[in-house]
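Student: I'd like to zoom in on one small part of this protein and then work outwards. Could you walk me through it?

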Amino acid sequence: MVYVLGGAQTDFARNWAREGTDMLGVFGEVLRDGLDQAQLDPAEIETGHVGNFAGELFCRQGQLGGFFGMVDPVFDGLPTARHEAACASGSVAILAAMAEIEAGRYDLACVVGIEQMRNTGGREAAGHLGAAAWVGREFEDADFVWPRAFSDLSEEYQNRHGLEYEHLMRIAQINFDNARVNPDAQTRDWQFTPESFSADDEANPVVEGRTRKMDCGQITDGAAVVFLASEERAADYAKKRGIALEDLPRISGWGHRTAPLSYEAKVKASADGPYVFPQVRGAIEDARRRAGIEGVDQLDAVETHDCFTVTEYMAIDHLGITAPGESWKAIEDGSIEKGGRIPVNPSGGLIGLGHPVGATGVRMVHDAARQVSGKAGSCQVEGAGMVQTLNIGGSTTTTVSFIVDTGR
């Protein structure tokens, strides 16, 4: 069992280039903030991991594990590594840190997820992000690769089950509403009209195919950090602070699956099955099996990957909130809203909170840990004791899911 001793995230509304700072500056900022919030000393950290997708493309900077030693001389010599799995980079970094702890190599790990993405124009940024597709072989006729790819997913749902645009727009509204009370959300002060959540070409213009502006998650700059500990180290941490080990959040289950890079290959392979992306469903089920839980009814909330509204629509049925193809039912009956049967993205998700790619998986686990600890503030789901995360890289090429709970 791996425990989460604490963490932090940056304000996702910030633009680092305009502030005159960069990835290293914010890396140090979020790391120090996390150490303060977790009441940890830098000398206690035994290993470091970084989740980042495109540092070389956006900032011409690689070798991000070396940032640790730039932040504090204590980290000079710390074993570190950087991990890349597109939008699931942060989650893969967490998996690597967990593996080291479970192997007995180290007892306390620091995982930082970070991405700077607002230092270029939108079209250039879209080009960089397209590196997570099958470059030169798919979506070559698209100006914006990922809006096009997930437009194709909307088309797939339309063909298999039927799809109403009103349901996708309700997903967007829920996420923006949740983000409005999140002090770190990129969109917390954004203003909308009823036409914003419609097929109005002026208020909600088409980006690619079926994908419109309000379907899209938000590109932003952001970083998040979590500190992971072995059970022995967590017990010592709890004892010194006069709290019960059972009150600390823990990662009780995980799932990690990788599908072929090609979107078309994935969809063809699932043509005769109940789920559009069986490897996504597999990662979800693997996490639950390892946590010893049987189904979605044991969850109190979900933090899922909503890079586009249709991605969350897909997640709803793949998580088992509804039967395959019936995600619309959970949208219409309010199940996924803050006070519903299974709230989805109480943080605001990628649509409302923002999506700094390499940070997203780490931020999800940080938010899940805050939820089950009762420390999520204005985003708190009442009585939350178990949260599942679902983090996806590319066209579901990489999928990682965690179960975060307490021992209570």
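Leaving aside its neighbours within four places in sequence, which residues is F150 in contact with?

Tutor: Before we start, this is a predicted model, where local features need pLDDT of at least 70 and side-chain atom pairs count only at pLDDT 80 or more, while totals for chains, interfaces and linings use all residues. Residues are numbered from 1 along each chain as its sequence is written, and side-chain values use heavy atoms, with hydrogens and water left out.

Now for F150: setting aside residues within four places in sequence, F150 is in contact with T211, C307, F308, V310, T311, G394 and S395. Contact here means heavy atoms within 4.5 Å.

Let's follow one of those partners, T311. It lies in helix 12 (helices are DSSP runs of H or I with at least four residues, strands are runs of E with at least two, and both are numbered from the N terminus). T311 has a relative accessible area of 0%, so it is buried; buried means under 20%, exposed over 50% and partly exposed in between, using a 1.4 Å probe and protein chains only. Not counting residues up to four places away in sequence, T311 touches F150, H305, D306 and I392. Its helix, helix 12 (residues 309–318), is mostly covered, with 10 of its 10 residues buried. Those buried residues include V310 and T311, and also E312 and D317. After helix 12 comes G320, which has a positive phi, near 85°.

F150 also belongs to a bigger picture. The largest nonpolar core has 62 residues, and F150 is among those with the most contacts inside it, along with W146, L153, F277, L299, I321 and I336. Helix 8 (residues 165–180) supplies the largest share of this core, 7 residues. There's a second, separate core of 33 residues, which includes F27, L64, C110 and L248. A nonpolar core is a set of buried Ala, Val, Leu, Ile, Met, Phe, Trp, Tyr and Cys residues joined through side-chain atoms within 4.5 Å.

Next, the sheet. It's open and mixed, with 9 strands in the order 3-2-4-7-1-8-11-10-9; two strands pair if DSSP finds at least two bridges between them. Strand 3 (80–83) and strand 9 (301–304) sit at the edges with a single partner strand each, so one side of each has no neighbour in the sheet. From one strand to the next, the twist averages 25°. Strand 8 (residues 250–258) and strand 11 (residues 398–405) run antiparallel and are joined by 8 bridges. Here H256 stands opposite V400 in strand 11.

Helices lie across the sheet too. Helix 11 (residues 278–291) crosses strand 8, strand 10 (386–393) and strand 11, running at about 155° to strand 8. Helix 9 (residues 231–240) lies across strand 1 (2–9), strand 4 (108–115) and strand 7 (222–229), at about 65° to strand 1. For these angles, axes are lines fitted to C-alpha atoms, for helices over the stretch in contact, and the angles run from 0 to 180 degrees between N-to-C directions.

Finally, a helix pair: helix 5 (residues 89–102) and helix 15 (residues 360–373) pack at about 65°, with axes 5 Å apart. G90, S91 and I94 of helix 5 make the contact with G361, V362 and V365 of helix 15.
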